[in-house]
Amino acid sequence: MGELHISSCPWLGERWNYLIRLYNQARLPHALLINGPEGVGKAVFARAFSTYLLCQQRADGRACGYCKNCQLSQSDGGHPDLYVLEPEERGKPVRVDQVRELTNFVYSTAQQGGYRLVIIGPAHDMNVAASNALLKTLEEPGQETILLLLTHRLGQVMPTIRSRCQRVDIASPSLEVSVPWVAQKLQIEEEKSRQYLVSANSAPLAALAFEDGELGVLRQQLISGLADLLKRRRTLVEVSSAWQKLDLERMLGWLHGLLGDLARLQIGQGDQYLRHRDAENMLKALARRVSTESLFAYIDQVAETRRALLARTNPNKQLLIESLLLGWLGLARG
Ligand SMILES: [Zn+2]
């Protein structure tokens with residue numbers, strides 16, 4: 001599968017047309033905060049919009065694909081007037097000296113004499129020093145400089161940065177759109193495509209990642225850990241230590257989804273409403289034992305843990321996992 005193009009992601013079209021209208025009316029703001037779930041296509045969107053603005057022969061809301069600038073945009077090195085600012089390591093915040101390098105770029109002259117574009121992602125993962133350095137650029141950007149900031153955690157973007165950007169919200173498409181789309185991209189059955197999408201919270205590009213195996217394996221580790229605990233095949237300490245290396249935020253998202261299914265079963269909704277088929281047997285067995293009260297208390301606990309994790313107020317991962325697993329075991333006691 002090659003690189004995704006904006007025209008092959010139909011759910012991005014509406015926001016795309018909106019920006020093109022702003023551009024045609026000369027009302028394009030110099031900073032956009034592109035907000036939406038992980039894997040919805042924010043980076044594809046920002047790249048395509050950069051290519052569009054850099055193109056010398058834009059027509060009908062599209063880049064031509066052939067001019068010198070389009071060729072530069074498509075080259076491995078990228079266009080010299082596009083600057084992409086991202087953490088040097090995935091999961092690490094953007095550093096202040098990286099933002100300073102960006103400032104140099106913004107105040108230099110565009111090499112091709114047109115726009116200069118900056119893509120910053122993720123915009124929420126920046127310490128205070130880096131955010132303050134960026135703020136100066138947002139307040140006084142150079143001529144014809146457009147900054148595109150990406151985030152999937154709007155609440156964590158500094159308010160001073162948020163207030164200087166125009167927001168562009170991108171939502172995940174409905175399953176009616178995404179199930180056939182993912183099935184076609186991966187050449188798989190729609191049933192499997194639906195399963196990937198449910199696990200990916202409906203974000204199509206995130207769903208694609210399940211096929212390469214890595215995410216599927218992670219998810220299997222979550223489900224087998226939970227099932228093994230219930231069946232006493234492994235102890236709490238064993239499961240907890242196996243989970244130490246996992247991305248807890250993602251795991252909590254999945255756990256939250258599983259509990260939604262458990263609640264549906266518990267109030268007597270039929271099989272057809274189950275979303276997480278890969279955990280079907282475990283959920284059905286558990287639904288017969290769990291009490292409504294303890295289930296909803298646990299859902300609250302998981303939601304609270306997610307909030308704490310996002311706010312980074314509780315860094316003790318081991319403690320967090322153990323109390324989650326303890327709560328899970330508590331469900332089985334009714
Ligand atoms: Zn072009």
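**Figure 1. The two domains of the chain.** In this predicted model, the centres of domain 1 and domain 2, taken over C-alpha atoms, are separated by 37 Å. Domain 1 covers residues 6-169 of the chain, and domain 2 covers residues 213-332.

**Figure 2. Four cysteines coordinate the zinc ion.** The sulfur atoms (SG) of C55, C64, C67 and C70 coordinate the zinc ion, at 2.2 to 2.3 Å. Along the chain these donors follow the spacing C-x8-C-x2-C-x2-C, and in space the angles among the four donor atoms run from 106 to 116°, giving the zinc ion a tetrahedral site. Two of the cysteines can be described by their accessibility: C55 has a relative accessible area of 4% and is therefore buried, whereas C64, at 21% relative accessibility, counts as partly exposed. The value for C64 falls in this class because buried residues must be under 20% relative accessible area.

**Figure 3. Cysteine sulfurs and the search for disulfides.** When the whole structure is searched, zero disulfides are found. C9 is accordingly in no disulfide, and the nearest cysteine sulfur to it, which belongs to C70, is 18 Å away; a disulfide would need a pair of cysteine sulfur atoms within 2.5 Å. C9 has a relative accessible area of 1%, so this residue is buried. Another cysteine, C165, has a relative accessible area of 12% and is also classed as buried.

**Figure 4. The surroundings of H79.** H79 is found in the loop that runs between helix α3 (68-74) and strand β2 (82-85), and because its relative accessibility is 3%, H79 counts as buried. When its neighbours within four places in sequence are left aside, H79 is in contact with L54, N69, L72, S73 and Q112. A polar atom of the side chain of H79 also lies 2.9 Å from the backbone nitrogen of D81. Q184, in turn, is 105 residues apart from H79 in sequence, and the two are 31 Å apart in space, C-alpha to C-alpha.

**Figure 5. S50 in helix α2.** Helix α2 consists of residues 42-54, and S50 lies in this helix. With a relative accessible area of 1%, S50 is buried. If residues up to four places away in sequence are not counted, S50 touches L82, L117, I119 and L148.

**Figure 6. A cis peptide bond before P122.** The peptide bond that leads from G121 to P122 is cis, and its omega is near -5°. P122 itself lies in the loop between strand β3 (116-120) and helix α5 (128-139).

**Figure 7. Positive phi values at A26 and D60.** A26 is a residue other than glycine, yet its phi is positive, with a value near 55°. The place of A26 is in the loop between helix α1 (13-24) and strand β1 (31-35), and at 73% relative accessibility A26 counts as exposed. D60, although it is not a glycine, likewise has a positive phi, of about 50°. D60 is placed in the loop between α2 and α3, and its relative accessible area is 80%, so D60 is exposed.

Technical notes: Residues are numbered from 1 along each chain as its sequence is written. This is a predicted model: local features need pLDDT of at least 70, side-chain atom pairs count only at pLDDT 80 or more; totals for chains, interfaces and linings use all residues. Side-chain values use heavy atoms; hydrogens and water are left out. Donors are N, O and S atoms within 2.8 Å of the metal (3.2 Å for Na, K and Ca); water is not among the atoms, so sites may look incomplete. Four donors count as tetrahedral if all angles lie between 85 and 135 degrees; four count as square planar and six as octahedral if opposite donors are over 155 degrees apart and all others between 65 and 115; anything else is irregular. Buried means under 20% relative accessible area, exposed over 50%, partly exposed in between (1.4 Å probe, protein chains only). Domain bounds come from an automatic or database domain assignment. Helices (H or I, at least four residues) and strands (E, at least two) are DSSP runs, numbered from the N terminus. Contact means heavy atoms within 4.5 Å. A polar contact is a pair of N or O atoms within 3.5 Å; within protein, one must be able to donate a hydrogen and the other to accept it, and residues adjacent in sequence count only if both atoms are side-chain atoms.
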